[in-house]
Amino acid sequence: MAYSTNSPAGQAVQNIINDLPQLLAVAIVEVQSGMCLASHSNSPSFNPETAAAYNTEVVKQKQKAMSALKLSGEKIDDILISLTNQLHLINLLDDGKKFIYLAVNARDTNLAIARDVLRQQVDLLK
């Protein structure tokens, strides 16, 4: 367990675990540095801190692409990466400075519910 419920990020992780107990991993990540503010994994082989670092690059590259395409007035709500058996969801906060990273088994989790669970944590992380 790489979080404390005494921090907003840790409380958000705990709330997500409560709502999606079957998740593979979850992390609250700072975009600028790629640093995990809180994380948890239900799988010993799944390191959410490593995933967070690589997914920070995904977010930064998408932001650069949007800038190159001059998509002014647009912001990233979330990024979905669908694997054979897993869904990886990156949900950016409105200010774009943090994101919630979630990995779940595709067969066990409804995507709409997972998105809603993450969106419920946004106010806590502002």
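Arg115 comes out as partly exposed in this predicted model, because its relative accessibility is 22%. That value sits just above the limit, since under 20% would count as buried. The side chain of Arg115 meets that of Asp78 in a salt bridge, with 2.8 Å from N to O. Asp78 belongs to strand β3 (residues 78–82) and Arg115 to helix α3 (residues 111–119), so this pair ties together parts of the chain that are 37 residues apart in sequence. The two side chains also make a polar contact, again listed at 2.8 Å.

What about the acidic partner: is Asp78 buried or exposed? With a relative accessibility of 18%, Asp78 counts as buried, because the cut-off for that class is under 20%. So the bridge to Arg115 pairs a buried Asp78 with a partly exposed arginine.

Asp78 has another arginine to deal with. Its side chain also meets that of Arg119 in a salt bridge, at 3.8 Å from N to O. Here, too, strand β3 is joined to helix α3, as Asp78 lies in the strand and Arg119 in the helix, so the pair ties together parts that are 41 residues apart in sequence. Arg119 has a relative accessibility of 46% and is therefore classed as partly exposed.

Which residues does Asp78 touch once its neighbours within four places in sequence are set aside? Both arginines turn up in that set, Arg115 and Arg119, and they are joined by Leu89, Ile90 and Asn91. The surroundings of this strand β3 aspartate thus include Leu89 and Ile90 as well as its two salt-bridge partners.

How many salt bridges does the structure hold? The count is 5, and the two made by Asp78, with Arg115 and with Arg119, are among them. Another of them brings together the side chains of Asp77 and Lys75, at 2.8 Å from N to O. Both ends of that bridge are partly exposed: Asp77 because its relative accessibility is 46%, and Lys75 because its value is 44%.

Back at Asp78, the bridge to Arg119 spans 3.8 Å. Elsewhere, shared partners link salt bridges into one network made up of Lys75, Asp77 and Asp94. Asp77, then, has its place in that network, while its sequence neighbour Asp78 bridges to Arg115 and Arg119 in helix α3.

Methods: Residues are numbered from 1 along each chain as its sequence is written. This is a predicted model: local features need pLDDT of at least 70, side-chain atom pairs count only at pLDDT 80 or more; totals for chains, interfaces and linings use all residues. Side-chain values use heavy atoms; hydrogens and water are left out. A salt bridge is a side-chain nitrogen of Lys or Arg within 4 Å of a carboxyl oxygen of Asp or Glu. Buried means under 20% relative accessible area, exposed over 50%, partly exposed in between (1.4 Å probe, protein chains only). Helices (H or I, at least four residues) and strands (E, at least two) are DSSP runs, numbered from the N terminus. A polar contact is a pair of N or O atoms within 3.5 Å; within protein, one must be able to donate a hydrogen and the other to accept it, and residues adjacent in sequence count only if both atoms are side-chain atoms. Contact means heavy atoms within 4.5 Å.
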